[in-house]
Amino acid sequence: MTIRELGDPSGMEVVDLPVPVPGAGQVALRTEAVGVGGVDAALRRGTLGVGLAPGYVPGSEVAGTVTAVGPGVDPSWRGRRVWAFTGTGGAYAEHVVARVEDVTPLPEGLSSVDAVTLGSAATVAHFALAHAHLRAGESVLVRGATGSIGIAAVELAVRAGAGAVAVTTRSSERGERLRGFGATHVLDRAGAGDPDAPEAFDVIVDVVGGADVPVFLDRLAPNGRLVMVGAVAGFPPDDFGAALVRAFQQSRSFATFSLATVPVAERDAARADLLDAAVRREISPVVHAVLPLEGAAEAHRQMDRGAVFGRIVLRP
């Protein structure tokens, strides 16, 4: 599945490409499931300001079986079921290649669909909370909590002993579903709607970004930390840091977070632990829908409408 033209999902089309051959340090996979992420839709819309050439193949995570290994790769990888990160694109395909350091073996009992629902999202949520130095008893707000990263952040904050765990969402029905994962307060997308919710939060995990980042910086408690892990609504305004300076004496802070900054061994160990936790049903893979690869445009339409709770998965 490629992006022929940025903008509407109608600019996506299925094409035939050669089966990729793994290079040095790479493995090739026959894809069983592909995770559809918020960044995929943002890149397709063009809202991140990244120039993409026509024919770009979106997607960054798959699960499947290793079919071939490149030079320098242990041949024992061949035939193993794995989760894999394909980089900034390339995942919406029947066959993909990935660097061997971006591959994690799947535990027994975990489906490929569940693997791509959690493999990236839960790992981002885990390290985002660590990046925020979350301590037991502190209050947490997850902005944009109905996607796979947000749901994982709610569950992991609860596991870490957070006090109040608030979420923003577009509907009360979605809010009630999030309560089932441990949310204690449900707010609307502007951060209002629950008079019992804290006025300020120790930690905010922001999946949304966009124009309202300064509004949520003003919801930080003294010494509060906002960690932005996504920008599905685009980048913050150029002057968003003024909100921090205006509240200078509150000692608030803003950070971005990317898994690219985590040492490979630490990242892979955390991902393996999280996938094992899913097998034990300690964290929840929430699958909104499973569609064929040809349904990728429909998946993106649903994301544009804000209709997705959890993750849409494609099956080639």
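Begin by selecting Asn-223, which is found in strand β12, residues 220-228. The model on screen is a predicted one. At Asn-223, look at the backbone: phi is near 70°, a positive value in a residue other than glycine.

Next, widen the selection from β12 to its sheet. This is an open sheet of six strands, in the order β10-β9-β8-β11-β12-β13, and the pairing is parallel. Strands of a sheet pair through backbone hydrogen bonds, either parallel or antiparallel. Colour residues 185-187 and 253-256 to mark the edge strands, β10 and β13, each of which pairs on one side only. Now look along the sheet to see how its strands are turned: neighbours differ by 20° on average, direction ignored.

Which strand does β8 join through four bridges? Select residues 140-143 for β8 and residues 201-206 for β11: the two run parallel, and four bridges join them. To pick out one of the bridges, show Leu-141, whose partner in β11 is Ile-204.

Go back to the edge strand β13 and select the loop between α7 (242-246) and β13, where Ser-251 lies. Phi of Ser-251 is near 55°, again a positive value in a residue other than glycine. Is Ser-251 buried or partly exposed? Its relative accessible area is 43%, so Ser-251 counts as partly exposed.

Then move to a pair of helices. Select α3 (residues 121-131) together with α8 (residues 264-279); their axes come within 9 Å and cross at roughly 115°. The crossing of α3 and α8 is right-handed. Show side chains where the helices meet: α3 contributes Ala-122, Thr-123, His-126 and Phe-127, while α8 contributes Glu-266, Arg-267, Ala-270, Arg-271 and Leu-274. Colouring this contact of α3 with α8 by class gives four nonpolar, two polar and three charged residues. The spacing along the helices has a general background: an α-helix has 3.6 residues a turn, so residues three or four places apart point the same way.

The last stop is helix α1, residues 38-45. Which residues of α1 are buried? They are Asp-40, Ala-41, Ala-42, Leu-43 and Arg-44. To see what surrounds them, add β1 (2-3), β2 (12-13), β3 (26-36) and α9 (296-304), against which the buried residues of α1 pack. Finish with Gly-46, just after α1, where phi is positive at about 90°.

Terms used
Residues are numbered from 1 along each chain as its sequence is written. This is a predicted model: local features need pLDDT of at least 70, side-chain atom pairs count only at pLDDT 80 or more; totals for chains, interfaces and linings use all residues. Side-chain values use heavy atoms; hydrogens and water are left out. Axes are lines fitted to C-alpha atoms, for helices over the stretch in contact, and angles run from 0 to 180 degrees between N-to-C directions. A crossing is left-handed if the near helix is turned anticlockwise from the far one by less than a right angle, and right-handed if clockwise. Contact means heavy atoms within 4.5 Å. Ala, Val, Leu, Ile, Met, Phe, Trp, Tyr, Cys and Pro count as nonpolar, Asp, Glu, Lys and Arg as charged, and the others, Gly among them, as polar. Two strands pair if DSSP finds at least two bridges between them. Buried means under 20% relative accessible area, exposed over 50%, partly exposed in between (1.4 Å probe, protein chains only).
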